[in-house]
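Q: I've got a protein with a ligand open in my viewer, and I'd like to learn how to read it. Can you walk me through?

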Amino acid sequence: MEKDLSNHRKNYQKDELLEKNTPDNPIELFRDWFLMADESENVHEANAMNLATIGLDNFPKNRIVLLKKYTWEGFIFYTNYNSEKGKAISKNPNVCLSFFWHGLERQIIIKGRAEKIAKNLSDGYFETRPDGSKLGAWASDQSDVVKSRAELDAKLRNYENKFRESEIPRPKHWGGFIVKPISIEFWQGRPNRMHDRIRYSLQKDFNWKKERLAP
Ligand SMILES: Cc1cc2nc3c(=O)[nH]c(=O)nc-3n(C[C@H](O)[C@H](O)[C@H](O)COP(=O)(O)O)c2cc1C
């Protein structure tokens, strides 16, 4: 089978990214771009981001997770700490997050170190989740092999019964990670593949160095 995609090509021309319009702190630029993406009708799930980890098998692996909070410190998502990604992070906390907002012709790539957030913060977020999602966190040993869909559904029913009369607590193996950035690259598509790329790198004195990269 063969399918030639050599003429799948788009010209980007919606915006530009010039140094004079960039703040000293990349989190401010992230906030501006995120708010625009979140409000844009051309972007669905602006907070869906790609998370790349280096696995125990030494291969990189990408998957989508949802950004649930960002602060001056970093970017927070929630997951099962025993999942493939959870195990990968506990061995090697160096990760990469990326967003591609096609409707805005923008990409952001964040390299950083992931660490577990405080338990009380994970508790606070877990409480806001609908009961169905809370039960799902109990029923799914995320990334483990399961025999069948029926086995999974049966596990969910067990937990529904178990917690029928009580509050559903957060499983200890489920919680947040914060990715503390060491570099953040902003990419704005431009005509003729002459895209704008501005990369911020964290310096020893905690200031950010700003550089333009060739497209
Ligand atoms: C739009 C979207 C959002 C997702 N959000 C999350 C999330 O916030 N947390 C999570 O653990 N998995 C989320 N997933 C599922 C992950 O992509 C992945 O399948 C799962 O976390 C297991 O990954 P792992 O086996 O590499 O650990 C999401 C998937 C999609 C497509």
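A: Sure. Let's begin with a term: strands are DSSP runs of E, at least two residues long, and they are numbered from the N terminus. Keep in mind that this is a predicted model.

Q: Good. Which element gives the largest share of the shell around the ligand?
A: That's β2, with 5 residues.

Q: How many residues surround the ligand, and which are the closest?
A: A residue counts here if one of its heavy atoms lies within 4 Å. By that cut-off 13 residues surround the ligand, and the closest are Arg 63, Ile 64, Thr 79, Lys 85 and Ser 143.

Q: What about polar contacts: how far is the side chain of Lys 85 from an oxygen atom of the ligand?
A: For a polar contact, look for a pair of N or O atoms within 3.5 Å. A polar side-chain atom of Lys 85 sits 2.5 Å from a ligand oxygen. Ser 143 has a side-chain N or O atom 2.6 Å from an oxygen atom of the ligand, and for Gln 142 that kind of distance is 3.1 Å.

Q: And how much of the ligand's accessible area does the protein cover?
A: On its own the ligand has 620 Å² of accessible area, and the protein covers 66% of that. As for the shell, the elements giving two or more residues are β2 (60–66), β4 (75–80) and α2 (84–91).

Q: Let's zoom out. How many helices and strands are there?
A: You'll find 5 helices and 9 strands. Reading from the N terminus, the order is α-β-β-β-β-α-β-β-α-α-α-β-β-β. The C-alpha atoms fill a box of roughly 60 × 55 × 35 Å along the principal axes.

Q: How should I read contacts along the sequence?
A: Take pairs of residues at least 6 apart in sequence that are in contact: in this protein, 63% of those contacts join residues at least 24 apart.

Q: Is Ser 201 buried or exposed?
A: The cut-off for buried is under 20% relative accessible area. Ser 201 has 15%, so this residue is buried. Ser 201 belongs to strand β8 (residues 196–202). Leaving out residues up to four places away in sequence, Ser 201 touches Ile 182, Ser 183, Asn 207, Trp 208, Lys 209 and Glu 211.

Q: What percentage of the protein's residues count as buried?
A: Of its 215 residues, 40% do. The accessible surface comes to about 13400 Å², with 49% of it belonging to carbon and sulfur atoms.

Q: Last one: how far apart are the mean positions of the positive and negative charges?
A: They're 4 Å apart, for 37 positive and 31 negative charges.

Note on methods: Residues numbered from 1 in each chain as written. Predicted model: local features only at pLDDT ≥ 70, side-chain atom pairs only at ≥ 80, totals over all residues. Heavy atoms only, no water. Helix = DSSP H or I, 4+ residues; strand = E, 2+ residues; numbered from the N terminus. Buried < 20%, exposed > 50% of the residue type's maximum accessible area, 1.4 Å probe, protein only. Contact = heavy atoms within 4.5 Å. Areas by Shrake-Rupley, 256 points an atom, 1.4 Å probe, with all protein chains shown as cover. Lys, Arg positive; Asp, Glu negative; His and termini not counted. Charge placed at Lys NZ, Arg CZ, Asp CG, Glu CD. Polar contact = N/O pair within 3.5 Å; in protein donor to acceptor, adjacent residues only side chain to side chain.
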